[in-house]
Amino acid sequence: MNCPKCDKTLEPDRHGQLIFDGQVWCEDCHRYDDRLLERRSFQDLETWAQRLCRAFGQEPVHLRRDPDYLPDPRKYWDGATFLLGEAFHEPRCLMLHPPGHQLMSLCHELAHLFTGQDHTEAWARNFATLVAWVKMRL
């Protein structure tokens, strides 16, 4: 997989250095729309998750709250990055942590459930498709 603008080889497992928006881009050639990165309410994210599941013919996904929820994002810092969310295939649900209460994180985790894959090329392409769908509806 290569960046559509500069042709740089892209590694999906290095997803923090990539931009997923219609296609998969390197971070030097494309940027996310700021609206995808805005903090959103849990209820808003639940609504978007339902819309995405319907639009892509997927079974509904349940969004869980962190049982030890703290609004302080430092709890989710691992020394190199924030833990934004987690996808659980069984049961079919997502947990979005406070730093990840944004549409980009929702799309990232839904792509895991929709593809059944970790950070693979199929996951990356699905993530890019989900982001583009959301962006067109903002």
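Contact is defined here as heavy atoms within 4.5 Å. Helices (H or I, at least four residues) and strands (E, at least two) are DSSP runs, numbered from the N terminus. The structure is a predicted model, in which local features need pLDDT of at least 70 and side-chain atom pairs count only at pLDDT 80 or more, whereas totals for chains, interfaces and linings use all residues. Residues are numbered from 1 along each chain as its sequence is written, and side-chain values use heavy atoms, with hydrogens and water left out.

Helix α4 comprises 16 residues (121-136). Its end C-alpha atoms lie 23 Å apart, which agrees with the 22 Å expected at 1.5 Å a residue, the expected span being 1.5 Å times one less than the number of residues. Among the buried residues of α4 (under 20% relative accessible area, 1.4 Å probe, protein chains only) are W123, F127, L130 and W133. The elements covering the buried residues of α4 include β1, β2 (23-26), α1 (34-37), α2 (42-55) and α3 (103-115).

Strand β1 (residues 18-21) contains D21. D21 counts as buried because its relative accessibility is 8%. The side chain of D21 forms polar contacts (a pair of N or O atoms within 3.5 Å, one able to donate a hydrogen and the other to accept it; residues adjacent in sequence count only if both atoms are side-chain atoms) with the side chains of H30, at 2.9 Å, and K135, at 2.7 Å. Leaving aside residues up to four places away in sequence, D21 also touches R31, A128, V131 and A132, among others.

Key:
Buried means under 20% relative accessible area, exposed over 50%, partly exposed in between (1.4 Å probe, protein chains only).
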